[in-house]
Amino acid sequence: VIIFSSVTFRREFSFFVVAGMSSSLSDLYLSDCKRVGCKPNAVFSKQIGHVSGPLTEIDLSHNYVGGKGILAVLEVARSCPELKRFCAPSNGVDNEVVHALASVMGSHPAVEELDLSGNPISHTGAMSLLELLNRNPRIVTVRLENTLIKPEVLATLSKLLDSRKPVAGASPPEGNAARIAALRVLFDRLATAE
């Protein structure tokens, strides 16, 4: 485990084949920063350039990269099939960024935990998160404290996630699709009540 002052990473080796060439995660990040039109975060770039082994955690808790910057970080996350935890609290993650995150994490093979607390996420972002949870049953924790999502919606998302957490001796939860459909109806009612 390597812990940096701003970001925590667990990694031993980082090379990927991109268009027939070897490229580090740092090169991938810099390329995506250029693509999305944001200035690369020097701390994040340096840190992913110095880690080795499978990346299992990206923690931006003490490193602000901004909404556009998160889009580039998501491409790094997409390239790390063993990533289990993605934390971007208080990083300017808005509904549009949540939609992109849902696209990346919806088919991610290992992610289990997301921390999006302290970001300006509202009902639209909650709907994207609901779709994400529908597509990726491996996600068992989503932190959304201090967002713009209504408490009733947060409680409903929490109940859905609680149904995924294993209970000793219990069989895996069934009927998540029905629960998600019911949540969708509830969210729609709450949106029209605004």
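The largest pocket in this predicted model is lined by V140, T141, V142, R143, L144, E145, L154, L157, S158, L161, D162 and K165. Strand 8 (141–143) and helix 6 are the elements that give two or more residues to this lining. Helix 6 gives the most, with five residues. If you like to think in terms of chemistry, the lining divides into six nonpolar, two polar and four charged residues. The space inside the largest pocket comes to about 160 Å³.

Let us step back to the whole chain for a moment. The protein has 194 residues, of which 47% count as buried, and its fold is built with seven helices and eight strands. Among contacts with a separation of 6 or more, 74% are between residues 24 or more positions apart.

Now to the interior. In soluble globular proteins, nonpolar side chains tend to be buried together. Here the largest nonpolar core holds 47 residues, and the members that touch the most other members are I58, I70, V76, F86, L101, M105 and L114. Helix 1, helix 2, helix 3, helix 4, helix 5 and helix 6 (151–164) each supply at least two residues of this core. One of those well-connected members, L114, makes a good place to start browsing: leaving aside residues up to four places away in sequence, L114 touches F86, L101, M105, L132, I139, T141, V142 and R143. Of these neighbours of L114, T141, V142 and R143 also appear in the lining of the largest pocket.

Two of the helices invite a quick geometry check, set out below.

| Helix | Residues | Length | Expected span | End C-alpha distance |
|---|---|---|---|---|
| Helix 3 | 66–78 | 13 residues | 18 Å | 18 Å |
| Helix 5 | 123–135 | 13 residues | 18 Å | 19 Å |

The expected spans rest on a rise of 1.5 Å a residue, and the end distance agrees with expectation for helix 3 and likewise for helix 5.

Helix 3 deserves a longer look. Ten of its 13 residues are buried, so helix 3 is largely enclosed by the rest of the structure. The buried residues of helix 3 are G66, G67, G69, I70, A72, V73, L74, E75, V76 and A77. What covers them includes helix 1 (25–36), helix 2 (42–49), strand 5 (57–59), strand 6 (85–87) and helix 4 (95–105). In helix 5, the buried residues are H123, G125, A126, M127, S128, L129, L130, L132 and L133.

L71 also sits in helix 3. With a relative accessibility of 22%, L71 counts as partly exposed, because the buried class requires under 20%. L71 touches V36, V97 and A100, not counting residues up to four places away in sequence. The C-alpha atoms of L71 and V36 are 7.2 Å apart in space, while 35 residues separate the pair in sequence.

A last stop is P109, in the loop between helix 4 and strand 7 (113–115). Setting aside residues up to four places away in sequence, P109 touches P81 and R138. P109 also lies 8.3 Å from L83, C-alpha to C-alpha, though the two are 26 residues apart in sequence.

Note on methods:
Residues are numbered from 1 along each chain as its sequence is written. This is a predicted model: local features need pLDDT of at least 70, side-chain atom pairs count only at pLDDT 80 or more; totals for chains, interfaces and linings use all residues. Side-chain values use heavy atoms; hydrogens and water are left out. Helices (H or I, at least four residues) and strands (E, at least two) are DSSP runs, numbered from the N terminus. The expected span of a helix is 1.5 Å times one less than its number of residues. Buried means under 20% relative accessible area, exposed over 50%, partly exposed in between (1.4 Å probe, protein chains only). Contact means heavy atoms within 4.5 Å. A nonpolar core is a set of buried Ala, Val, Leu, Ile, Met, Phe, Trp, Tyr and Cys residues joined through side-chain atoms within 4.5 Å. On a 1 Å grid over the protein atoms alone, a cavity is a set of points where a 1.4 Å probe fits but cannot get out, and a pocket is an open set with protein on both sides within 12 Å along at least five of seven lines; lining residues have an atom within 4 Å of a point. Grid points are joined across faces, edges and corners, and a volume is the space filled by probe spheres set on the points. Ala, Val, Leu, Ile, Met, Phe, Trp, Tyr, Cys and Pro count as nonpolar, Asp, Glu, Lys and Arg as charged, and the others, Gly among them, as polar.
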